[in-house]
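This briefing introduces a protein model to a reader who has not met it before. It begins with the overall fold and then turns to individual sites.

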Amino acid sequence: MRDADFFRRWMDATAAAVEREADRLTELDSPIGDADHGSNLLRGFVAVRGALAGAEPAAPPGALLQLAGRTLISTVGGASGPLYGTLLRRTGKELGEAAEVSDEELSEALSAGVAAVAGLGGAAPGDKTMLDALLPGVAALGTSYRAAADAAENGARATVPLIARKGRASYLGERSVGHQDPGATSSALLLDALADTAEGAA
Ligand code: ADP
Ligand code: MG
């Protein structure tokens, strides 16, 4: 079972990964976007870390993820803030008030969270967005957290030859081909941080 401390560690590990990779995320957002994805997420996850540090010590997993999601929505300008915010809020809502959740419950909640991202952004698989990492990632959660992280990483890499059909990159049409999607790349970081946390490495 996964308790609130697990979710705090997951969000801390994500913030650390975003700090480490912020420059790379911004570089990826430069040819097919406006070069702000790293700084957007850095601002957001630094705020998440602060919000969770100030959260009630007894807050359950669901409440922590909802707080993280609300914090991303209020601090990240840009498409990715509401999208990641929705992912974490919906996942947290699915977890409810339970003090501990099973891996299966977390897997189902994350699937609902990813479905909410698709509902909000209207993107389909292959549109060269964060969903191209999130969908294969959550689909592999039934195998293991590491399998999910690997599937998300492969999904992010597989965005390179795609034509962007949603978000800023879609304005480029065929010129978006040949570049890895920044949001898919950061989604792989989120699931990699989850796997590290589950393995006790974070
Ligand atoms: P902005 O595009 O507003 O500058 P960011 O640079 O922070 O925001 O995030 C860009 C990322 O957001 C893209 O790489 C893509 O993965 C994701 N994204 C944009 N629009 C959508 C959408 N409609 N559905 C899913 N993901 C999207
Ligand atoms: Mg951008």
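The protein contains eight helices and two strands. Along the sequence these elements follow the order β-α-α-α-α-β-α-α-α-α. The model is a predicted one, and the points below are grouped by topic.

**Overall dimensions**

- A compact globule of 202 residues would have a radius of gyration near 17 Å, and the 16 Å of the protein agrees with this.
- Taken along the principal axes, the C-alpha atoms fill a box of roughly 50 × 30 × 30 Å.
- Of the 202 residues, 50% count as buried.

**The magnesium site**

- The magnesium ion (ligand 2) has three aspartates as its protein donors, namely Asp-29 (OD), Asp-34 (OD) and Asp-36 (OD).
- These donors lie 2.1 to 2.3 Å from the ion.
- In sequence, the donor residues show the spacing D-x4-D-x1-D.
- Asp-34 counts as partly exposed, because its relative accessibility is 32%, a value between the limits of 20% and 50%.

**The surroundings of ligand 1**

- Ligand 1 is surrounded by 20 residues, and the closest are His-37, Asn-40, Ala-79, Ser-80 and Asp-181.
- Asp-34, a donor to the magnesium ion, also has a side-chain N or O atom 2.9 Å from an oxygen atom of ligand 1.
- A polar backbone atom of Ala-79 is 2.8 Å from an oxygen atom of ligand 1.
- In Met-130, a backbone N or O atom lies 3.0 Å from an oxygen atom of ligand 1.
- Ligand 1 taken alone exposes 560 Å², of which the protein buries 92%.

**Helix H8 and its ends**

- Helix H8 covers residues 182-198, and its 17 residues should span 24 Å at 1.5 Å a residue.
- The end C-alpha atoms of H8 are 25 Å apart, which agrees with that expectation.
- H8 is mostly covered, with 14 of its 17 residues buried.
- Asp-181, one of the closest residues to ligand 1, caps the N-terminal end of H8.
- In this cap, a side-chain oxygen of Asp-181 lies 3.2 Å from the backbone nitrogen of Gly-183.
- Gly-200, just after H8, takes a positive phi of about 80°.

**Positive phi outside glycine**

- Most residues other than glycine have a negative phi.
- Ala-35 is a residue other than glycine with a positive phi, near 55°.
- The place of Ala-35 is in the loop between helix H1 (4-28) and helix H2 (37-53).
- With a relative accessibility of 36%, Ala-35 counts as partly exposed.
- Lys-128 has a positive phi of about 65° although it is not a glycine.
- The loop between helix H5 (103-121) and helix H6 (131-139) holds Lys-128.
- Lys-128 counts as buried, because its relative accessibility is 1% and the limit for a buried residue is under 20%.

**Arg-70 in helix H3**

- Arg-70 lies in helix H3, which comprises residues 61-75.
- At 45% relative accessibility, Arg-70 counts as partly exposed.
- Arg-70 and Glu-105 are 35 residues apart along the chain, and their C-alpha atoms are separated by 21 Å.

Key: Residues numbered from 1 in each chain as written. Chains lettered and ligands numbered in written order. Predicted model: local features only at pLDDT ≥ 70, side-chain atom pairs only at ≥ 80, totals over all residues. Heavy atoms only, no water. Donors = N, O, S within 2.8 Å, 3.2 Å for Na, K, Ca; no water. Buried < 20%, exposed > 50% of the residue type's maximum accessible area, 1.4 Å probe, protein only. Helix = DSSP H or I, 4+ residues; strand = E, 2+ residues; numbered from the N terminus. Expected span 1.5 Å × (residues − 1). Polar contact = N/O pair within 3.5 Å; in protein donor to acceptor, adjacent residues only side chain to side chain. Near = heavy atom within 4 Å. Areas by Shrake-Rupley, 256 points an atom, 1.4 Å probe, with all protein chains shown as cover. Rg over C-alpha atoms; globule rule 2.2 N^0.38 Å.
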